[in-house]
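Take a walk through this protein, from its overall build to its inner spaces. Have the sequence and the 3D view at hand.

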Amino acid sequence: MPNNLLMRRREFIVGSLACALSNALHGQVLEKDGDIFRAGLILQPGPPGRCDDYRIGGPVVRWDAAQQQWRMWYYCRDSGFPADMAPAFGSGRIATALSRDGFSWERVDGPLAGGAVFTPSDDPLAFDASHVATGDVIHDGNEWVMAYFGGNDEIPTGVNRMFKEKGYVLRPGIARSNDGVNWRRVPGQASGGAALDVHPGDVYSAFPGLVRTEERYLLYYTTVDKEARYWRQRIAISTDGSNWTPYGDLRWDNESRLYDAGGIISRDILRNPFSDDPPWLMVYTAKDGRDETGGRRSIGVAVSEDALTWRRLLQHPVFVTGPKGAWDHAGVAVPRLVATDQDVRLYYYGWSDDSFEDHPYRGIGCAVAPFDSPWTFKRYQPTS
């Protein structure tokens with residue numbers, strides 16, 4: 001390895017360790033001097049009558065060159081959506097919003113019901129006939145490519161009680177768009193037109209993420225066994241973005257930490273913006289493995305040489321739940337990392353506990369760190 005690359009790698013790893021340790025130790029009190037409830041909250045459920053007036057989540061943020069603005073896609077559910085459809089998820093439809101600065105967002109009405117840009121399939125036999133949700137969106141050539149997941153009325157059998165309702169048999173799908181607003185499905189080879197089927201013994205194949213390399217597409221997705229003991233990451237490979245071949249599990253070359261011993265629920269994989277070596281970076285939703293935490297979610301970070309085998313970079317999560325009284329006190333998940341020339345932004349899905357009957361239970365948040373100190377995230381707060 002060239003000396004300069006080795007030095008960058010050492011600086012990246014050592015600096016990350018120090019920053020993350022500081023953040024993990026102080027993350028619970030970062031915003032106590034500000035507005036405790038709202039710190040970090042950048043998008044709440046929409047006004048009555050919209051597709052997103054009840055729940056929102058799963059943000060995907062990209063720079064839209066055609067609009068010269070940041071664009072966010074997110075999944076959402078309206079107040080009239082069937083309450084018994086996979087109730088633990090906020091999935092239903094997919095909506096979009098635009099922003100000039102990445103912090104203040106304006107909803108954009110799409111052409112579909114309630115202002116959505118993507119809705120369940122009209123085909124009752126389709127895998128996504130009942131609800132859909134964002135997974136990932138990438139720019140590929142002249143098109144946007146979306147990996148999403150969805151379900152129909154199928155009820156899983158032989159499962160933990162948390163999954164004994166319709167809609168939990170989830171599969172991933174692919175869609176393409178020229179403008180990020182009008183989408184067309186790419187028929188898959190799996191059940192109901194999905195890109196992949198559910199593995200035997202699992203409840204679902206969900207939360208897909210996309211990576212485009214020079215030679216192929218990589219599709220990452222989440223599975224959980226029917227007893228809800230462990231969430232794992234799997235990979236599928238495609239040369240055309242339409243036909244997918246299961247590759248196997250995402251591999252690790254170091255042991256899990258206590259904060260992610262329950263598995264990994266979702267992830268965002270991107271080219272490492274901080275170092276040439278290792279070239280790949282992942283932020284992920286970590287599920288705590290300790291009974292006393294109730295499976296608490298936090299955000300971890302890992303690196304890879306080939307995007308297939310990963311190494312947990314830190315001993316601690318880089319982002320944790322908000323303090324008591326915060327909108328995201330109960331959980332933070334589905335991270336999306338965006339690096340600009342000035343800063344690093346962590347977009348995420350958060351939720352509160354049952355003590356906030358007059359506030360949104362779920363929303364989309366953002367935390368910001370300096371580019372040269374990327375794991376020192378503080379929840380975004382407007383300056384005025």
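The paragraphs below go from the whole chain to its cores, its aromatic rings, one glycine and the empty spaces.

Start with the whole. This is a predicted model. The chain has 22 strands and one helix. It counts 384 residues, and 59% of them are buried. Now look at contacts between residues at least 6 apart in sequence: 57% of these join residues at least 24 apart.

Next, the nonpolar cores. In soluble globular proteins, nonpolar side chains tend to be buried together. The largest nonpolar core here has 23 residues. Val301, Val318, Phe319, Leu337, Trp375 and Phe377 touch the most other members. Which strands feed this core with at least two residues each? They are β16 (280–287), β17 (297–304), β19 (331–339), β20 (343–351) and β21 (362–370). Another core lies apart from it, with 20 residues. Ala86, Phe149, Val203 and Ala228 are among them.

Turn to the aromatic rings. The whole structure holds 24 aromatic pairs. One of them joins Phe89 and Tyr204 in an edge-to-face arrangement. Their centres are 6.2 Å apart, and the planes meet at 70°. This pair links distant parts of the chain, since 115 residues separate the partners. Phe89 sits in the loop between β3 (69–77) and β4 (93–99), while Tyr204 belongs to strand β10 (residues 202–212). Both Phe89 and Tyr204 are buried.

Phe163 and Tyr168 form an aromatic pair that is edge-to-face. Here the centres are 5.4 Å apart, with 75° between the planes. Are these two residues buried or exposed? The cut-off for buried is under 20% relative accessible area. Phe163 has 3% relative accessibility, so it counts as buried. Tyr168 has 1%, so Tyr168 counts as buried.

Rings also gather in a group. Phe274, Phe319, Trp327, Tyr348, Phe371, Trp375 and Phe377 make up one aromatic cluster. Phe319, Trp375 and Phe377 were met above, in the largest nonpolar core.

Some rings meet a charge instead. Arg212 places its charged end over the ring of Tyr217, 4.2 Å from the ring centre. Arg312 has its charged end over the ring of Trp252, 3.9 Å from the centre.

Now pick out Gly173. This residue lies in strand β8 (residues 171–177). Its relative accessibility is 1%, so Gly173 counts as buried. What does Gly173 touch, leaving out residues up to four places away in sequence? Its contacts are Phe127, Met146, Ala147, Tyr148 and Ala195. Gly150 is 23 residues from Gly173 in sequence, and their C-alpha atoms are 7.6 Å apart in space.

Last, the empty spaces. Rolling a probe the size of a water molecule over the atoms shows where empty space is left. The largest pocket has a volume of about 690 Å³. It is lined by 27 residues, and Ala88, Met162, Arg297, Trp351 and Arg362 are the closest to its centre. Strands β10, β19 and β20 each give two or more residues to this lining.

The structure also holds one cavity of 30 Å³ or more. The largest cavity has a volume of about 90 Å³. Its lining has 14 residues, with Gly135, Phe207, Ser266, Val334 and Arg336 nearest the centre. β2 (55–64), β6 (131–140), β10, β15 (263–271) and β19 each supply at least two residues of that lining. Strands β10 and β19 thus appear in the lining of the pocket and in that of the cavity.

How values were computed. Residues are numbered from 1 along each chain as its sequence is written. This is a predicted model: local features need pLDDT of at least 70, side-chain atom pairs count only at pLDDT 80 or more; totals for chains, interfaces and linings use all residues. Side-chain values use heavy atoms; hydrogens and water are left out. A nonpolar core is a set of buried Ala, Val, Leu, Ile, Met, Phe, Trp, Tyr and Cys residues joined through side-chain atoms within 4.5 Å. Buried means under 20% relative accessible area, exposed over 50%, partly exposed in between (1.4 Å probe, protein chains only). Helices (H or I, at least four residues) and strands (E, at least two) are DSSP runs, numbered from the N terminus. Rings of Phe, Tyr and Trp (its six-membered ring) pair if their centres lie within 6.5 Å; planes under 30 degrees apart count as stacked, over 60 as edge-to-face and the rest as tilted. A charge sits over a ring if NZ of Lys or CZ of Arg is within 6 Å of the ring centre and within 35 degrees of the ring normal. Contact means heavy atoms within 4.5 Å. On a 1 Å grid over the protein atoms alone, a cavity is a set of points where a 1.4 Å probe fits but cannot get out, and a pocket is an open set with protein on both sides within 12 Å along at least five of seven lines; lining residues have an atom within 4 Å of a point. Grid points are joined across faces, edges and corners, and a volume is the space filled by probe spheres set on the points.
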